[in-house]
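Grab a pencil and get ready to read a protein fold piece by piece. Try each exercise yourself before you look at the solution.

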Amino acid sequence: MKITLLFTIISILLFSCGGSNKQQFEYAGGKITLSIENEPSTFISRDVTDVYSSNVLSQVMEGLVSLNPKDLSIQPQLAEKWEISDDGLTYTFHLRHNVKFHPHKIFHAEAERILMPIDVEKTLEFICSKGQIGIAGTAYSYLFEKYLVGAKDFYEGKTKNISGISLTRSTVELKLTEKDNNFLNKLANISCAILSHHIIEENLEQDMIGTGPFVYREFIKDEVNSIILTKNEDYYLHDDKGNNLPYLDSLEYIIESKKNNQLSLFEAKKIDLIRGLPASKITEMLEGRISDFNSTPPLFILHNNPILTTHYYYFNMLDSRFKNIKVRQAFNYAINRKKIGSEILRNQYSELGNFGIVPPVQSAYKGYDFKGVKEVGYTYNPEKAKQLLAEAGYPNGKGFGSVNLRLNISDIHSAIADEVAQQLSSVLGINVNIDASSFGQLEKDGETGNFELSRNGWAADYLSPETFLFNFYGKNVPESKKESSYINKSRYQNPAFDELFEKAKKSEKLTDQMNYFSLAEIELMKNPPIIPLWYKGDYGIVYSNVRNLYFNPLFLFNFTEVYKKEWTKEEFLKATKKKN
């Protein structure tokens with residue numbers, strides 16, 4: 001006992017004294033500033049469902065595994081390695097030995113900051129519990145409820161622990177009820193980030209205490225709201241030369257909903273990168289400042305690639321009018337997406353919404369039948385729209401009443417809503433009332449069913465059509481209309497879709513998965529709960545002195561190895577030649 005205690009004390013001293021002796025990268029330091037359109041809806045990782053919360057929390061919190069920003073493959077994170085049983089039902093994760101949670105007053109000794117298997121167990125129990133507001137975490141609904149042995153019994157209060165979790169001194173074993181080919185991809189989601197069991201026991205989850213490369217410092221609420229993250233001096237990862245990570249001293253997220261204001265900040269060098277240009281400024285920026293892109297070295301670096309994000313409106317299936325399939329089809333045929341794309345988006349998209357919910361990016365979803373989906377998709381056909389609405393019992397909109405369209409405040413979303421309202425009035429004779437609010441309120445109203453037609457944008461969590469189609473899986477709809485629906489907000493239920501979706505998830509071969517997912521989406525669009533509008537294809541522009549920043553289709557930024565350094569002409573030519 002005394003020897004063990006002495007060893008523990010020595011280990012703590014080594015951990016606590018190690019920070020000052022870490023090897024530093026030559027160009028370490030500095031700050032990256034970027035903008036996000038809305039405030040994070042939550043600071044609790046298990047509750048994350050929006051991209052803004054994910055953007056911020058993914059720099060602070062970490063899971064057992066993560067996605068590589070270069071190629072989006074699964075990579076080790078808090079688990080340095082893992083094994084999967086031959087039947088795919090048991091995952092054994094080996095935790096790293098040198099991980100510490102960020103400092104917090106709740107930790108009375110350095111040893112309490114060290115990541116242990118119990119932290120993983122208590123985090124998964126926290127995700128699978130009803131919590132203070134009576135609901136489980138996001139990951140419970142899309143992953144653990146069905147796949148983790150004992151998770152549902154624990155959620156329902158039948159057991160005190162999740163039977164599918166087993167611990168040793170350095171490993172965590174998870175037993176699944178059935179094989180899930182995307183289990184690791186789902187586990188990489190920020191909603192599965194690991195918390196300290198001390199934080200959970202004291203109900204301090206909102207304090208954002210994680211193990212990530214950056215530490216949450218403050219949320220500045222002023223004329224310009226911003227979130228400040230600073231370097232985690234105790235971060236456990238190093239680069240391939242042994243330098244301490246991250247390189248940067250801090251990150252700042254400026255919250256600015258208007259793209260014109262974002263561009264002004266970018267041009268004034270107050271933010272280092274911008275995703276998506278204001279529609280009215282695309283020509284001016286890309287052609288008017290072409291020398292800034294083509295000089296050697298350039299001032300700006302341009303990234304233009306499809307983003308796995310779909311923008312759409314979804315119907316409230318509890319509304320008796322929208323239970324009629326012909327009404328929903330009529331709304332789809334009444335929308336002139338080409339006009340929206342050219343006049344409002346100014347062609348800043350990868351495709352118009354003539355497909356379904358899955359972005360038609362063949363390079364990301366090889367073997368997916370986008371042609372088949374497009375055949376049952378919707379293009380502008382006002383005569384067919386009028387006919388369908390009349391067949392549904394509402395000729396020229398008579399007797400239909402008004403429709404409230406919910407959206408979050410944004411220059412683009414507001415402009416599109418105005419155009420859609422005009423089109424529905426002109427084609428169908430239906431009056432549309434536009435109801436704009438904060439993004440957080442929009443999310444809440446979507447979950448509680450307090451809407452008739454609502455805007456949404458869904459970004460992929462991983463490279464599978466499942467991450468989009470899961471939003472319409474009937475088994476995600478709560479039994480009671482009074483209960484909130486956190487995933488399937490439209491409360492769409494279609495047994496034919498569910499059957500094909502389940503077959504895809506159970507398929508071993510990727511080709512079979514893609515086939516069944518395609519068939520599921522074809523069924524979805526024949527009986528549509530949504531109006532697809534466009535698929536994101538933003539221009540990304542970053543100052544060239546920002547190094548090692550990777551743009552990818554998942555809108556996933558990892559700033560761990562990002563640093564700032566101005567280029568010389570010779571260095572830039574050498575780097576460009578090597579890249580080519």
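Here are four exercises on this predicted model, each with a worked solution.

**Exercise 1. Work out how compact the protein is for its length.**

Solution. Start with the inventory: there are 20 helices and 21 strands in the protein. Next, take the radius of gyration, which is 25 Å, close to the 25 Å that the globule rule gives for 580 residues, so the protein is as compact as a globular protein of that length. To finish, look at the extent: the C-alpha trace spans about 85 × 65 × 45 Å along the principal axes.

**Exercise 2. Describe how helices α11 and α14 pack, and find which residues make the contact.**

Solution. Two packed helices are described by the angle between their axes and the distance between the axes. For α11 (residues 325-333) and α14 (residues 382-391), the angle is about 160° and the axes are 8 Å apart. Angles over 145 degrees count as roughly antiparallel, and α11 and α14 are therefore roughly antiparallel to each other. The crossing of α11 past α14 is left-handed. Now for the residues: α11 brings K326, V327, Q329, A330 and Y333, while α14 brings P382, K384, A385, L388, L389 and E391. Sort the residues of this contact and you get 7 nonpolar, 1 polar and 3 charged.

**Exercise 3. Find the edge strands of the open sheet of 4 strands, then see which helix lies across β5, β6 and β7.**

Solution. Write down the strand order, β4-β5-β7-β6, and note that the pairing is antiparallel. β4 (79-84) and β6 (165-167) each have a single partner strand, so they stand at the edges, with one side of each left without a neighbour in the sheet. From one strand to the next, the twist averages 20°. Zoom in on β5 (residues 90-95) and β7 (residues 171-175): this antiparallel pair has 5 bridges, and T90 has K175 in β7 as its bridge partner. The helix you want is α3 (residues 117-127), which runs at about 165° to β6.

**Exercise 4. Do the same for the open sheet of 6 strands.**

Solution. The order here is β14-β18-β13-β17-β15-β16, with mixed pairing. β14 (351-352) and β16 (432-437) have a single partner strand each, so these two are the edges. Strand β15 (residues 403-408) pairs with β16 in the parallel sense over 6 bridges, and the bridge partner of L407 in β16 is A436. Helix α16 (residues 439-448) lies across β13, β15, β16 and β17, at about 135° to β15.

Terms used
Residues are numbered from 1 along each chain as its sequence is written. This is a predicted model: local features need pLDDT of at least 70, side-chain atom pairs count only at pLDDT 80 or more; totals for chains, interfaces and linings use all residues. Side-chain values use heavy atoms; hydrogens and water are left out. Axes are lines fitted to C-alpha atoms, for helices over the stretch in contact, and angles run from 0 to 180 degrees between N-to-C directions. Angles under 35 degrees count as roughly parallel, over 145 as roughly antiparallel, 65 to 115 as roughly perpendicular and the rest as oblique. A crossing is left-handed if the near helix is turned anticlockwise from the far one by less than a right angle, and right-handed if clockwise. Contact means heavy atoms within 4.5 Å. Ala, Val, Leu, Ile, Met, Phe, Trp, Tyr, Cys and Pro count as nonpolar, Asp, Glu, Lys and Arg as charged, and the others, Gly among them, as polar. Two strands pair if DSSP finds at least two bridges between them. The radius of gyration is taken over C-alpha atoms; the globule rule is 2.2 Å times the number of residues to the power 0.38.
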